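Student: I'd like a close look at one part of this model. Could you walk me through a pair of packed helices and whatever sits around them?

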Amino acid sequence: MVNRKTSPKEIALGAAFLLLLLVIVTFYILYQAEAIQLGYRVAGLEDRVTKLKEEIKKLETKKATLLSLRRVERIAREDLGLTDPKPGQVLYEGVDIPREKEGP
Amino acid sequence: MRGLFSNGMRTRALALAMVLAVWFVAAFGRLVHLQILKHGRLKAEVLEQSQDDMEVLPKRGTIYDRNGKILARSLPASSVFFSPLKSESASAQMEQVVRLKDRLGLSEKDLSRIRTRLQKKDTFIWIKRKIDPEAAGRVMGLNIKGIFLQDENKRAYPLGTLAAHVLGGVGIDDNGLAGVELQYDRLLEGEKGRRLILRDARRRSYQFETLKEAVPGKDLYLTIDETVQYIAETELEKAIAACGADWGTVIISDPKTGEVLAIANRPVYDPNDYPPAVPGEGVNRAIQHTFEPGSTFKIVTAAAARELGKVGLGETYDCREGSISVGGSPVRDHKLQGILSFPEVFIESSNVGAIKIAQEIGERNLFQMIKAFRFGERTGIDLPGEEYGICRPLSSWRKSSLRIAIGYEISVTAVQLLGAMNVFAARGRLIRPSISLGTGVGGLSGPVNQEPLKVLSEGTASELAEIFKRVVEEGTGLPAKLEGFEIAGKTGTAQKLDEELGRYSSARHLASFVGFVPADDPVISMIIVLDEPKGLMQYGGQVAAPVFRDISARVLRYLRAAPKPKAETLVTAKMAKASRP
């Protein structure tokens, strides 16, 4: 068996290879870490979008409750003192309805 | 010395080698154990920890009224469940649950149910279903071992009791149980989906993978108009409070299309708390309750008489005796009448006159007309549980069955009776009533209403509509009269059968009024039924007709149907002719 002396060129080549491998591995790890981080953000944002959509629906439903005619009528009559219109007080667009005693 | 050292070294090297060999064998054995023998189970555990295969519940479709107002919608809710640790005793597990008692408002019944399930060593126990997500968050803040949340949806009816019997209700799993929720359950519910969630070591999700997309339920647009519905309900409430009726129902429809604008019932329930606490509250009396209609059914007798040409308009009937025998039992008028013409029999709602007309028509012809109006059959309204009513076949008619001409010996639903009146409004056509406009935006892709059936000639329908107009102008329906509008209608007061005594009661009535307005070009048709009004006023003309008037006044104003100007009060201003320059 003959011991062959490793040439500096071969050492440099080996070192370069190791360095390249290190760079690739580092890049891969960074890429993976970044992808996972982005995954968290996307998941978080998707979750937020879903929650906001649900919130909108909830608010629309609440609005429907607040605008329920029973509630509106109660407020109109009890709080604002409004009453039903008397005959002749309702005007119909494009229709001639006689008014009480108009001038000659 | 060197030998000793060599021996010692060799021994130690041997010992080390043996230790290493044992360690290697142990490690190798462990690896075989983990990687080969327990591979399946461990892989499953890893997958369980790193990913979740979740069922994605579809959103149930929203129900809107005809103008896009929300009537029912599913909102997110959280359900609390308990997955107890196996190492703990049932009593220790129960202690954990009891900590939630006040926060979740758990009743003794709830606790008893949970205790039983724990004793059975169940691994999944619902603690409380469908609570507010914020309240659920506070529960999780307590950090109780084994308590988890499940995302669900809860059906919300923002208008409370409004249109409750039309909407129906859903069960705890959001499945339709009544009303349109049941009728259109498959359309509203959608399809469940599946989602794979990848998690890191801290159980944080970082990636979603949809295995099967959840298909949300379709939205549904109804023919119901929130405002018309509200008017019907408030006026019905007032009427029941005034006359003390046991129950009442109102249906309002567009007689030209059969679209139902409102179905109001009292008593009522809140669909947010379905099923109703009192079983009777859930009955949609507009379609699920049958009754002997009384005089409102005379519209069919009139139709048979005129359509078959058996009776002329000018024929008269002697009703002065005030009573007539039918099958051995007397039929009486509500007041003494004179000699009445054909129209007057209906304007004055004479039972004697109607029986005499029926005798002229003949049983077979009368029966054929009743069947032409489809009594004894479902109208086909798209609501579940519609009753057929009872219309005996001609072969089983008795001698007293001619009383059918005045609305006895037959059972009908309110929606059937309204459908019959709509025939006169729609100039002889029988149109199927409908409650759904469809699923598209604005309800444009709705079910196509089947071809209307021609029941009467246009001439007969118009002629009888004129007579029904006079019912309100000068007859029993006078209290329905509304300034500026011509109403065609018919009153009804049916004595109720006293089952204990086996005869009709003179104290218990079912009052009704059915009609349409404006009579010449109908915008709405309506039926009002009040069961057992109390006090002095119990007739349909006295208690139901005013409800028709009050509802019509408000609904017509809302629908911008202008009243007819009164000719005698119409004053026209004349402009003085200006001289041209």
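Tutor: Here is a tour of one helix pair, followed by its surroundings in the chain. Bear in mind that this is a predicted model, where local features need pLDDT of at least 70, side-chain atom pairs count only at pLDDT 80 or more, and totals for chains, interfaces and linings use all residues. Residues are numbered from 1 along each chain as its sequence is written, while chains are lettered from A and ligands numbered from 1 in the order in which they are written.

Two packed helices are described by the angle between their axes and the distance between the axes. Our pair is α12 (residues 298–307) and α17 (residues 458–474) of chain B, whose axes come within 10 Å and cross at roughly 135°. Helices here are DSSP runs (H or I, at least four residues), strands are E runs of at least two, and both are numbered from the N terminus. Axes are lines fitted to C-alpha atoms, for helices over the stretch in contact, with angles running from 0 to 180 degrees between N-to-C directions. α12(B) and α17(B) are therefore oblique to each other; angles under 35 degrees count as roughly parallel, over 145 as roughly antiparallel, 65 to 115 as roughly perpendicular, and the rest as oblique.

So who touches whom? On the α12(B) side, the contact uses B:Ala302, B:Ala303, B:Arg306 and B:Glu307, and α17(B) brings B:Thr460, B:Glu463, B:Leu464 and B:Ile467. Contact means that C-beta atoms, placed from the backbone, lie within 7 Å. Sorted by class, that is 4 nonpolar, 1 polar and 3 charged residues. Nonpolar covers Ala, Val, Leu, Ile, Met, Phe, Trp, Tyr, Cys and Pro, charged covers Asp, Glu, Lys and Arg, and the others, Gly among them, are polar.

Staying on α17 of chain B, B:Glu458 has its place in this helix. B:Glu458 counts as exposed because it has 12 C-beta neighbours inside 10 Å (12 or fewer is exposed, 20 or more is buried, and in between is partly exposed, with C-beta atoms placed from the backbone). Apart from neighbours within four places in sequence, B:Glu458 is in contact with B:Arg427 and B:Gly428. B:Arg427 is 31 residues away along the chain, yet the two C-alpha atoms are separated by 4.9 Å.

Zooming out, chain B is divided into domain 1 (53–222) and domain 2 (226–558), with bounds from an automatic or database domain assignment. Their C-alpha centres lie 44 Å apart, and 30 residues of domain 1 are in contact with 25 of domain 2.

Notes. Two residues are in contact if their C-beta atoms, placed from the backbone, lie within 7 Å.
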